[in-house]
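Q: Got a minute to go through this one with me? I'd like to start with how the chains meet.

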Amino acid sequence: MDRMKRVPISEQDPKVRAGNFEEVCLGYTAEEAMAEASRCLNCKKPMCVTQCPVTIGIPEFIQHVKNGEFEAAAKTIAKSSALPAVCGRVCPQEVQCEGKCILGIKGEPIAIGKLERFVADWSRENNIDLSEVEQSKGVKVAVIGSGPAGLTCAGDLAKKGYDVTIFEALHEPGGVLVYGIPEFRLPKDTVVRHEVENVKKLGVKIETNVIIGRTVTIDQLFEEEGFKAVFIGSGAGLPKFMGIPGENSNGVFSANEFLTRNNLMKAFKEGYSTPIKLGQKVAIVGGGNVAMDAARTALRLGAESHIVYRRSEEELPARLEEVHHAKEEGVIFDTLTNPIEILQDEKGWVSGMKCIKMELGEPDASGRRRPVEIPGSEFIMDVDTVIMSLGTSPNPLIASTTKGLDVDKRRCIVAEEETGLTSRESVYAGGDAVTGAATVILAMGAGKKAAKAIDEFLSK
Amino acid sequence: MYKILSKRVLANNIYLMDIEAPRVAKSCEPGQFIIVKMDEKGERIPLTICDYDKERGSVTIVFQTLGESTKVMANYEVGEYFADFVGPLGRPSDMVEEDIEELKNKRIMFIAGGVGTAPVYPQVKWLHERGISADVIVGAKTKDLLILQEEMESVAGNVYVATDDGSSGFKGLVTECLKDLVLNQGKHYDRVVAIGPMIMMKFVCMLTKELNIPTVVSLNPIMVDGTGMCGACRVSVGGEVKFACVDGPEFDGHLVNFDEAMRRQAMYKSEEGRAILKKEEGDTHHHGGCGCGGDK
């Protein structure tokens with residue numbers, strides 16, 4: 001075996017999977033996982049750990065996998081992460097743990113994400129109990145939002161013995177894990193639901209259908225319900241639109257609406273009541289992971305699916321793996337193209353999209369080359385559905401109903417980086433609500449730091 | 001799970017239910033709405049709040065069977081449960097924030113169309129409890145479709161009924177009734193609040209613009225989450241895009257682009273129609289047109 005090369009992982013055939021919602025990556029078998037784990041050099045100063053936002057003991061769990069001690073591996077990961085089956089699947093490992101793996105200098109880095117996923121899936125299939133908690137402290141902490149930040153913060157606090165209640169606005173916990181990331185990347189019934197159940201097994205209560213700021217306010221939680229600290233992990237769920245003419249035509253959706261209908265409401269499945277309306281040719285405007293998810297979902301619903309992005313392929317903000325998967329499945333990439341108007345037929349439905357070709361100019365403040373319109377290059381794209389995937393911003397509802405909670409000009413909650421403490425005493429925040437749309441694992445990292453800070457604050 | 005405490009048939013295809021939902025009841029204000037989801041496979045249905053009892057912990061909803069989901073909902077009985085019931089959603093009516101003494105000097109006319117009588121009721125009641133008696137025009141196709149008449153009369157000043165066929169009260173549309181009151185009977189109103197089908201609200205706004213009466217409408221576009229995260233409910237108000245679920249549902253009626261709103265509301269019409277047909281195939285109890293008006 002070549003130590004520089006990864007043990008390959010099996011995936012569904014692109015032609016087959018483009019027509020179903022089953023998971024694309026099939027995961028390692030025990031033998032494959034042990035073989036991959038045996039490549040690990042077990043570094044004295046592991047760089048991989050420093051790059052993990054929740055600092056999982058990576059070499060330690062990998063050594064257990066190498067020896068076939070999968071339960072011990074699961075327990076090692078559980079010390080740091082409550083959502084390993086999720087993270088193993090959706091983290092951008094190439095820029096985190098795997099990005100610093102020493103083997104990656106000359107060869108391929110250890111497939112840390114895939115190994116983590118293997119361990120998590122194995123422990124789920126073998127019903128390993130990971131619910132070790134300290135003695136109850138009888139102190140109530142409220143967590144707002146059941147996405148990655150909230151689940152992590154709640155899990156860590158429960159392990160410390162706090163009485164934790166998560167308040168979730170939707171009918172199902174999980175945040176972006178249930179409404180945003182599609183089934184074919186992250187199975188809901190098995191993976192997500194199980195990880196949420198694991199958090200519940202730690203004693204965390206989850207109240208769904210509670211909208212903080214409407215159903216109950218943060219002040220009421222303190223004054224009427226006896227909570228001693230609050231963590232806000234409400235995410236960044238407010239979709240952006242372009243503001244171009246015709247954007248309210250029938251057949252123009254935000255990626256959030258399209259994905260929510262499909263993932264959370266299961267519009268793609270027989271027997272579910274929520275409808276989804278999709279044409280023959282769909283344009284997804286944007287180039288992030290959400291755009292890839294929407295494009296691949298549209299494809300699976302039977303449409304010709306186009307990614308329309310104003311920069312070139314090199315600048316696509318989506319993970320390389322996702323772009324690669326999308327291409328294999330048949331998503332068409334129209335780069336250096338920007339919509340300027342949505343055209344509609346006499347009944348108000350999308351009948352086309354007027355675009356202009358772009359070229360790359362000088363680098364902007366972020367270091368990326370700025371796209372510039374090429375005069376006279378307007379053309380009409382023949383599409384009948386448009387999905388806007390331009391990013392999201394935090395929902396202002398919580399901040400606007402909580403006195404003394406500061407937000408910045410992007411409506412993000414202002415919080416200390418190391419602790420998550422906001423401008424209000426006893427109120428902490430983390431994840432996309434603070435940073436704007438980012439990644440699952442960064443949100444988990446923020447939830448973890450805040451849990452530590454809340455414990456220190458309440459232990460005083 | 002949210003228990004159905006009582007159920008009443010108000011008219012053909014119009015139902016009232018009291019739902020046990022203490023958290024929602026505690027925070028309800030006039031003008032807000034809730035979202036109900038019947039079971040695991042159900043869709044999220046926005047419904048306006050008709051009444052609430054903070055002590056009993058219950059919220060009253062009124063709905064008309066229009067699509068597949070509301071038909072299934074109508075078959076739920078007392079003692080059964082809805083899987084999900086979330087709210088209160090949307091911003092309360094502006095009057096909740098207004099100065100009561102100033103409100104007392106205002107002559108307010110509510111115009112309720114069909115099942116829109118239900119969301120008008122808590123607003124009129126709220127004013128009544130503060131010593132303000134507002135007038136109400138209740139419109140319906142025919143006498144049998146009038147709902148909550150007694151309740152409305154017990155909290156309103158004058159209640160005018162308008163039926164299309166003249167089977168009760170004024171014969172004609174609510175707009176004609178308002179025109180008659182203002183132009184022929186010398187009534188004066190400082191504000192109109194219109195709630196009902198989109199088409200009714202549009203024509204009320206056209207009239208009140210002519211009559212120069214500021215008008216508030218409560219919009220009922222398609223919604224999914226109802227918390228501002230998807231934009232399915234977006235409407236154009238004064239040339240700006242607003243999300244009805246968080247910025248509304250009430251807006252200045254003279255600024256709303258009704259034609260666009262009605263077009264967007266009909267987006268899933270064929271899907272709803274198909275769903276009903278599929279359900280009714282082979283069922284001898286119901287037949288006839290699909291009736292998927294979409295205006296919940």
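A: Sure. Keep in mind that this is a predicted model. In chain B, 45 residues are in contact with 45 residues of chain A.

Q: Which residues of chain B lose the most area to chain A?
A: B:Arg23, B:Met229 and B:Tyr268. Together they make up 21% of what that side buries.

Q: And how much do chain B and chain A bury between them?
A: About 3,700 Å². Carbon and sulfur atoms carry 49% of it.

Q: How many salt bridges across the interface?
A: Three, between chain B and chain A. One of them joins A:Glu224 to B:Lys26, with the closest N and O atoms 2.5 Å apart.

Q: What about polar contacts between the two chains?
A: The count is 24 residue pairs, both residues at pLDDT 80 or more.

Q: Which elements of chain B give two or more residues to that side?
A: Helices α1 (22–27), α9 (258–265) and α10 (269–280), plus strands β7 (84–89), β14 (234–237) and β15 (240–243), of chain B. The largest share, six residues, comes from β7(B).

Q: What's the mix by class on the side of chain B that touches chain A?
A: It has 18 nonpolar, 11 polar and 16 charged residues.

Q: Back to β7(B). Which sheet is it in?
A: An open, antiparallel sheet of seven strands in chain B, in the order β6-β1-β2-β5-β4-β3-β7. β7 and β6 (81–82) of chain B are at the edges with a single partner strand each, so one side of each has no neighbour in the sheet.

Q: What does β6(B) pair with?
A: Strand β1 (residues 2–11) of chain B, antiparallel, over two bridges. B:Tyr81 in β6(B) is the bridge partner of B:Lys3.

Q: Which helix lies across β4 and β5 of chain B?
A: Helix α4 (residues 117–129) of chain B. It runs at about 35° to β4(B).

Q: New topic: the sheet with mixed pairing. What's the strand order?
A: β11-β10-β9-β8-β12-β13-β16 in chain B, seven strands in an open sheet. The edge strands are β11 (170–171) and β16 (250–252) of chain B.

Q: How do β8 and β9 of chain B pair?
A: In the parallel sense, over five bridges. B:Ile111 stands opposite B:Ile137 in β9(B).

Q: Which helices lie across β8 of chain B?
A: Helix α6 (residues 174–184) of chain B is one, also lying across β9, β10 and β11 and running at about 145° to β9(B). Helix α7 (residues 198–211) of chain B lies across β8, β12 and β13, at about 165° to β12(B).

Technical notes
Residues numbered from 1 in each chain as written. Chains lettered and ligands numbered in written order. Predicted model: local features only at pLDDT ≥ 70, side-chain atom pairs only at ≥ 80, totals over all residues. Heavy atoms only, no water. Pairing = 2+ DSSP bridges. Helix = DSSP H or I, 4+ residues; strand = E, 2+ residues; numbered from the N terminus. Contact = heavy atoms within 4.5 Å. Axes fitted to C-alpha atoms, helices over the stretch in contact; angles between N-to-C directions. Buried area = accessible area lost by both parts, 1.4 Å probe. Salt bridge = Lys/Arg side-chain N within 4 Å of Asp/Glu carboxyl O. Polar contact = N/O pair within 3.5 Å; in protein donor to acceptor, adjacent residues only side chain to side chain. Nonpolar A, V, L, I, M, F, W, Y, C, P; charged D, E, K, R; others polar.
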